[in-house]
Each structure stands twice: as structure tokens, then as C-alpha cells.
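Reader: I should like to examine the assignments made for this structure one at a time. Please set each value against the criterion behind it.

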Amino acid sequence: MIIGSAISRLLFPIQAFILRNLCKLIDLLWTYFLLVEQMATVKLIADSGATKTEWCLIEGAKKRTLLTAGISPYFLSTADIVSLLQQELIPRLRKAKIQEVFYYGTGCANPNNVKIVRKALQLLFPSANIEVTHDLMGAARALCGRDKG
């Protein structure tokens, strides 16, 4: 009985210490989770044709769809694209800090057209990683993601 009482007196402070620190650990993990969620990559995805462009802004778990006029590098120069997006898209992004842009558009199977669009997007989103490719790739990624399909 004396040994059990002595062990009990030793274990109680240890149990209290573990419980107190476990709560701190859970609190730290929750704070970390909230910070990571806030720092989630902000993506802008475009599906563009000659008549309209549908943009999807993804910030963490939030998604917002925006529409602008179409962008065809066959008919628009880099300066034209920049001007169009400065008027129709940029004001509606509400100062979002875009980190990645995925642009799937008409005419972007042609490498020269890719350069026109990429340059415009780089001027508007200088710190973002930018991928420009054709609209068929956009359809494939919507269906299969990055897996083989």
C-alpha cells in the first residue's frame, strides 16, 4: 500500500505535466494549421477562347469565378492583352497576391502565341509562376488532373 501511494504521488505531477503540455501542443498545432491555411497558394486559372475568358481565383478553400472578354493571341498583342486585363480583371481581384497562373487558351498550341500571352501575364503578375498552354490541355487537366488519362 505504501509503494502504491508513493507511485501515485509521483505519477500525479507527471500526469498533470503531460496534460498541461498536451494542451499547449494541441494549441500550437491548431495555430500552425490556421497559418498554413492562410498562406495557401493563391491560384488564378483561365479558360480562354476568342469571345470570353473564364477566370477562377482560388484562395485557400475559397473559389471565385470572373469573366472577361476573350483573349486570342492571333488578334491581340501583348500590350492589348495587358490593357484588357488591367481594365476587366485586375480591379476585380481585390488585391489578391497571385502566386500561380494557369492559362489555357485558344491559339496557345503555337509557341509564338504562348510568348505573347506569357509576356502579358508576367507584366501583370511579376512574382507569379505562370504556365501558358492550349485550351485542350485545360480540358484534359480538368478531367484527369496531372494523372495520365
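Author: Two strands pair if DSSP finds at least two bridges between them. The model discussed here is a predicted one. On that criterion, an open sheet of five strands is found, with the order 3-2-1-4-5 and mixed pairing.

Reader: What makes strand 3 and strand 5 the edges of the sheet?

Author: Strand 3 (62-69) and strand 5 (129-134) each have a single partner strand, so one side of each lacks a neighbour in the sheet. On average, and ignoring direction, neighbouring strands are turned by 15 degrees against each other.

Reader: How do you know that strand 2 and strand 3 are paired, and in which direction do they run?

Author: Pairing needs at least two bridges, and eight bridges join strand 2 (residues 52-59) to strand 3. The two strands are therefore paired, and they run antiparallel. Among the partners, glutamate 59 is matched with lysine 62 of strand 3, and lysine 52 with alanine 69 of strand 3. Strand 2 and strand 3 form a hairpin with two residues between them. In its turn, glycine 60 has a positive phi of about 65 degrees.

Reader: Which strands does helix 3 touch?

Author: Helix 3 packs on the sheet, where it touches strand 2, strand 4 (100-105) and strand 5. The direction of helix 3 makes about 150 degrees with that of strand 5.

Reader: Why are helix 2 and helix 3 called oblique to each other?

Author: Two packed helices are described by the angle between their axes and the distance between the axes. For helix 2 (residues 78-88) and helix 3 (residues 111-124), the angle is about 45 degrees and the axes are 8 Å apart. Roughly parallel would require an angle under 35 degrees, and roughly perpendicular one of 65 to 115. The value of about 45 degrees falls in neither class, and the pair is therefore oblique. The crossing of helix 2 and helix 3 is right-handed.

Reader: Which residues meet in this contact between helix 2 and helix 3?

Author: Helix 2 contributes Thr78, Ile81, Val82, Leu85 and Gln86, which meet Ile116, Val117, Lys119, Ala120, Leu121, Leu123 and Leu124 of helix 3. By class, the contact has nine nonpolar, two polar and one charged residues.

Reader: Why is the pair of glutamate 100 and lysine 43 called a salt bridge?

Author: The closest N and O atoms of glutamate 100 and lysine 43 are 3.9 Å apart. The cut-off is 4 Å, so the pair qualifies. The pair links distant parts of the chain, with glutamate 100 in strand 4 and lysine 43 in strand 1 (residues 42-48), 57 residues apart. The structure holds two salt bridges.

Definitions and conventions. Residues numbered from 1 in each chain as written. Predicted model: local features only at pLDDT ≥ 70, side-chain atom pairs only at ≥ 80, totals over all residues. Heavy atoms only, no water. Axes fitted to C-alpha atoms, helices over the stretch in contact; angles between N-to-C directions. Helix = DSSP H or I, 4+ residues; strand = E, 2+ residues; numbered from the N terminus. Parallel < 35°, antiparallel > 145°, perpendicular 65-115°, else oblique. Left-handed = near helix turned anticlockwise from the far one by under 90°. Contact = heavy atoms within 4.5 Å. Nonpolar A, V, L, I, M, F, W, Y, C, P; charged D, E, K, R; others polar. Salt bridge = Lys/Arg side-chain N within 4 Å of Asp/Glu carboxyl O.
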